[in-house]
Amino acid sequence: MRDELELVQDIADRLGVRAERGRRFAELTSLRVGGAIDWVISPETEEQAAATVYELDQAGIGWRPLGSGSNVLADDQDHHYVVLNMSEMKGEVLIEGDRVSVSAGYSLPRLCIDVARAGLSGIEGLGGIPGTVGGALWMNAGAFDHEIGTVTETVRVARDGKVTEVPGESIQWNYRHTSFKDGELLLGATLRLTPDDPEQIKARMDDAKSRRLASQPHGARSAGCFFKNPPAGTIGTGKIIDEMGMKGQRRGSAIVSPVHANFIVTEGENARAEDALALAEEIRERVRREQGIELEYEVELWRSNTPETPGEDKGGKEEQQS
Ligand SMILES: Cc1cc2nc3c(=O)[nH]c(=O)nc-3n(C[C@H](O)[C@H](O)[C@H](O)COP(=O)(O)OP(=O)(O)OC[C@H]3O[C@@H](n4cnc5c(N)ncnc54)[C@H](O)[C@@H]3O)c2cc1C
């Protein structure tokens, strides 16, 4: 273990990236739960990030990328791998005509405002989704008839220590799921948007945000919708859970939001991932028993065990992008 710890510090020093010990998922995720992390490394440029994961792979050290942590439930144990904190890799937004190039660590809500001001339409429905561009690409974030994959022309990924471009059309963009593989680090993207009147784009974005405010808890510690909607159903998961009378149901520090039944929120200084998970499993069990529907997680569950093969399995991602 000691060797590995020194090796990580060595790599970070050599590449000039910040490496920290003693951080917890509870500080890095929007649910504000989760245990200690061996190392958090925060690259600031795409080149640095690509070189970092290459070196970690060469040294056999497991790692996982984290954006703003708004779609991750990490368990309460110690996590023995490197978390690559992408949220510091903000870069700059470059707008040329209808093309927009942005780094993975840039804030998605911020990007939506930037492009709206520049008179570019296509992502205004995503303006209220917290998180980074990288996290949104990874799971094809979407809302109000917009999905990021639809407007993505190319994605920059880390390959053999270098920044490499892949065409957006070679990627499968499904409902909260893409064909990116564990171990693939997304560095940035070029989006192709549609010119439109900035006032009208802003009006549509404001409308999407106010509809969100009316139907979702705000200021609460959540990870957005906990479960996907059932594929064939006409009724959404939130409504199913609500109709079973589960709004306000509590397990220790975790509660089914009284505002939106597909949101689990946490409370208190010492909130626990195990409470949120137990509540989620209780919901799944009742929906299975009473409705015959198998709910799939939309939130990612991160287990604390160490990845066996670096760059392939990032430490037991139980429900990959489900
Ligand atoms: C209040 C609230 C409302 C939400 N509403 C919506 C909604 O309407 N629609 C929606 O789609 N989502 C929604 N979400 C979920 C979440 O905001 C999105 O999934 C967001 O895109 C996640 O971005 P992130 O940076 O926080 O990713 P994280 O949660 O940090 O990571 C999510 C996944 O992406 C991977 N990842 C992150 N960055 C990279 C990278 N650079 N390279 C490779 N993999 C990476 C992580 O390893 C992880 O597997 C909501 C969340 C909250 C808290």
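Which residue has a polar side-chain atom 2.6 Å from an oxygen atom of the ligand? Select Thr132 and you have it: that 2.6 Å pair joins a polar side-chain atom of Thr132 to a ligand oxygen. Keep in mind as you click around that this is a predicted model.

Stay with the ligand and add two residues. Arg176 also brings a polar side-chain atom, here 3.2 Å from an oxygen atom of the ligand. With Asn71, look at the backbone instead: one of its N or O atoms sits 2.8 Å from a ligand oxygen.

Now show the whole shell. You should get 33 residues around the ligand, and the closest are Pro65, Gly67, Ser70, Thr132 and Glu300. Colour them by class and they split into 16 nonpolar, 12 polar and five charged. Turn on the surface next: on its own the ligand would expose 970 Å², and the protein buries 95% of that.

Where does the shell come from? Switch to cartoon and pick out β4 (63–66), α5 (133–138), β10 (142–143) and β21 (300–302), the elements that each give two or more residues. Helix α5 supplies the largest share, with four residues.

Leave the ligand and select helix α4 (residues 108–117) together with helix α6 (residues 198–215). Their axes come within 8 Å and cross at roughly 155°. An angle over 145 degrees counts as roughly antiparallel, so that is how α4 runs relative to α6.

Finally, show side chains where the two helices meet. From α4 take Cys112, Ile113, Ala116 and Arg117; facing them in α6 are Pro198, Ile201, Met205 and Lys209. Coloured by class, this contact has six nonpolar residues, two charged and no polar ones.

Methods: Residues are numbered from 1 along each chain as its sequence is written. This is a predicted model: local features need pLDDT of at least 70, side-chain atom pairs count only at pLDDT 80 or more; totals for chains, interfaces and linings use all residues. Side-chain values use heavy atoms; hydrogens and water are left out. A residue is near a molecule or strand if one of its heavy atoms lies within 4 Å of it. A polar contact is a pair of N or O atoms within 3.5 Å; within protein, one must be able to donate a hydrogen and the other to accept it, and residues adjacent in sequence count only if both atoms are side-chain atoms. Accessible areas come from the Shrake-Rupley method with a 1.4 Å probe; for residues, only the protein chains shown count as cover. Ala, Val, Leu, Ile, Met, Phe, Trp, Tyr, Cys and Pro count as nonpolar, Asp, Glu, Lys and Arg as charged, and the others, Gly among them, as polar. Axes are lines fitted to C-alpha atoms, for helices over the stretch in contact, and angles run from 0 to 180 degrees between N-to-C directions. Angles under 35 degrees count as roughly parallel, over 145 as roughly antiparallel, 65 to 115 as roughly perpendicular and the rest as oblique. Contact means heavy atoms within 4.5 Å.
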